[in-house]
Amino acid sequence: MNILILGAGGREHTIAWKLKQSTKLSNLFVAPGNAGTAAIATNLPIGVNDFEAIKKAVLSEGINMVVVGPEDPLVNGVHDFFLNDEALKDIPVIGPQKLAATLEGSKQFAKEFMMRHNIPTAAYESFTAETLEKGYAFLESLQPPYVLKADGLAAGKGVLILQDLQEAKDELKTMLVDAKFGNASTTVVIEEFLDGIELSCFVLTDGEGYKVLPTAKDYKRIGEGDTGLNTGGMGAISPVPFADKAFMDKVHERIVKPTVEGFKKDNMPYKGFVFIGLIKVGDDPKVIEYNVRMGDPETEVVIPRIKNDLVEVFQAVGNQTLDSINLEIDERTATTVMMVSGGYPGAYVNGKVITGFDTVDDAVVFHAGTQLKDGKVVTNGGRVMAVTAYGADFKEALKTSYKNIEKVHFDEMYFRKDLGFDL
């Protein structure tokens with residue numbers, strides 16, 4: 001098979017790394033890719049939302065399957081674009097169609113879906129600039145902290161958790177009236193704060209059957225002890241130690257099953273990954289959010305634990321035979337630690353030369369924000385590289401991840417040294 005992956009981050013490099021291990025793979029392409037994917041696949045200089053250029057590449061390279069990494073092209077309807085094109089309609093796309101992708105594209109749509117299918121989540125209301133005063137009143141009715149979420153896609157940065165009522169009101173106004181997050185915050189969802197510990201559950205579905213993938217926990221804040229600004233993710237651990245069988249049985253019965261059944265009831269064809277952001281409140285799971293693709297950096301710990309041939313698994317999603325696949329999971333724990341540019345998630349400088357990553361031996365390096373320049377690998381993003389290692393438990397795996405990070409160097413490199421501190 002010739003396969004095209006859309007995307008340029010650590011998630012896409014990880015998927016490429018795993019697909020590359022398959023005997024069923026002929027040629028692998030990544031658009032636009034990074035320096036890591038360039039070493040194992042052919043990078044194509046095409047944007048993930050340039051559907052016409054994607055079509056051209058698919059036809060000229062004889063692509064048999066497209067795997068969509070990020071959310072943007074899904075929310076913009078790349079799967080529908082394929083289905084509605086005579087030349088593309090028989091090529092399987094791993095990723096949901098536009099309607100189902102709205103689960104990530106709109107927080108309000110996702111909340112309404114959960115309410116319809118009795119999926120446990122936080123109480124909420126949504127507001128626009130016209131209903132700003134009602135938003136103020138709703139905030140006054142809640143206990144702090146206050147949770148404000150931009151309704152649309154804001155690159156993982158559209159959620160604010162604030163302790164002070166006046167600050168919450170000011171931020172609500174900034175989001176709705178001053179368009180702090182652009183079009184993403186023309187509607188803002190305010191919801192009750194849930195106190196607990198977060199984790200992520202991943203499901204792969206072909207629209208009929210589904211497989212529950214390993215759990216993971218990622219670390220979003222830039223600073224040690226989960227302080228400072230939110231990032232795209234500073235590292236992850238899989239499996240999650242506190243997600244025992246009793247807890248996961250609840251997740252399965254109360255959340256996973258009704259979610260997949262909900263797709264069918266609402267006539268939302270879904271072939272691809274469902275990322276369910278969960279919080280454990282007491283002993284009970286509640287949904288914080290849905291994403292319609294794999295998480296990043298969670299992919300870097302979930303995919304390496306899947307023993308199956310990933311091409312075979314994706315083929316089964318394409319032809320709706322996923323039930324026939326027996327998913328085999330590596331019992332070991334996997335951990336990944338993200339190295340980021342100095343200044344991230346604020347302003348940072350690209351183009352710093354990266355060295356030493358090719359000397360990592362008992363771990364895997366996944367490129368996130370890198371590119372090739374004059375034969376050298378240089379930084380090209382806030383999150384630069386992730387180092388994934390295995391261990392008998394998360395402490396052992398982290399030790400190996402951290403030991404290997406010491407071999408990697410670029411100017412102003414930063415990483416969190418306290419992952420797993422809350423486990």
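Leaving aside neighbours within four places in sequence, which residues is Phe82 in contact with? Select Phe82 in this predicted model and look around its side chain. Counted that way, its contacts are Ile54, Val58, Val66, Leu88, Lys89, Ile91 and Val93.

**Stop 1: the cores**

Phe82 belongs to the largest nonpolar core, which has 51 residues. Add Leu4, Val66 and Ile276 to your selection: together with Phe82, they are the residues with the most contacts inside this core. Next, colour helix H10, residues 245–265, which gives the most to the core, with seven residues. Another core, of 35 residues, lies apart from this one. To find that second core, select Leu25, Ala41, Val302 and Ile306, which are among its members.

**Stop 2: two pairs of helices**

Two packed helices are described by the angle between their axes and the distance between the axes. Keep both in mind here.

Show helix H1 (residues 10–19) together with helix H12 (residues 310–318). Their axes come within 8 Å and cross at roughly 105°, so H1 and H12 are roughly perpendicular to each other. For the side of H1 in this meeting, pick Ile15, Lys18 and Leu19; for H12, pick Leu310, Val311 and Phe314. By class, this contact has five nonpolar residues, one charged residue and no polar ones.

Now move to helix H6 (residues 98–105) and H7, the latter spanning 107–116. Here the axes come within 6 Å and the crossing is roughly 105°, which makes H6 roughly perpendicular to H7. From H6, display Leu99, Thr102, Leu103 and Gly105; they meet Lys107, Phe109, Ala110 and Phe113 of H7. Sorted by class, the contact of H6 with H7 has five nonpolar, two polar and one charged residues.

**Stop 3: a four-stranded sheet**

Switch to a cartoon view. Strands of a sheet pair through backbone hydrogen bonds, either parallel or antiparallel. In which order do the four strands of the open sheet come? The order is S11-S10-S16-S17, and the pairing is antiparallel. At the edges stand S11 (210–212) and S17 (284–291); each has a single partner strand, so one side of each is left without a neighbour in the sheet. Look across the sheet and you will find neighbouring strands turned by 30° against each other on average, direction ignored.

Zoom in on S10 (residues 197–205) and S16 (residues 272–281), which are antiparallel and joined by nine bridges. For one example, select Leu204 and Phe273, its bridge partner in S16.

**Stop 4: backbone details**

Finish with the backbone. The peptide bond from Ala31 to Pro32 is cis, with omega near 0°. Pro32 is part of strand S2, residues 27–32. Another cis peptide bond joins Pro144 and Pro145, where omega is about -5°. You will find Pro145 in the loop between helix H8 (132–141) and strand S7 (146–150).

Then go to Asn118, in the loop that runs between H7 and strand S6 (124–128). Asn118 is not a glycine, yet its phi is positive, about 55°. Is Asn118 buried or exposed? With 68% relative accessibility, Asn118 counts as exposed.

Your last selection is Glu412, in the segment after helix H13 (394–405). Glu412 has a positive phi as well, about 65°, although it is not a glycine. Its relative accessible area is 47%, so Glu412 is partly exposed.

Technical notes:
Residues numbered from 1 in each chain as written. Predicted model: local features only at pLDDT ≥ 70, side-chain atom pairs only at ≥ 80, totals over all residues. Heavy atoms only, no water. Core = buried A, V, L, I, M, F, W, Y, C linked by side-chain atoms within 4.5 Å. Buried < 20%, exposed > 50% of the residue type's maximum accessible area, 1.4 Å probe, protein only. Helix = DSSP H or I, 4+ residues; strand = E, 2+ residues; numbered from the N terminus. Contact = heavy atoms within 4.5 Å. Axes fitted to C-alpha atoms, helices over the stretch in contact; angles between N-to-C directions. Parallel < 35°, antiparallel > 145°, perpendicular 65-115°, else oblique. Nonpolar A, V, L, I, M, F, W, Y, C, P; charged D, E, K, R; others polar. Pairing = 2+ DSSP bridges.
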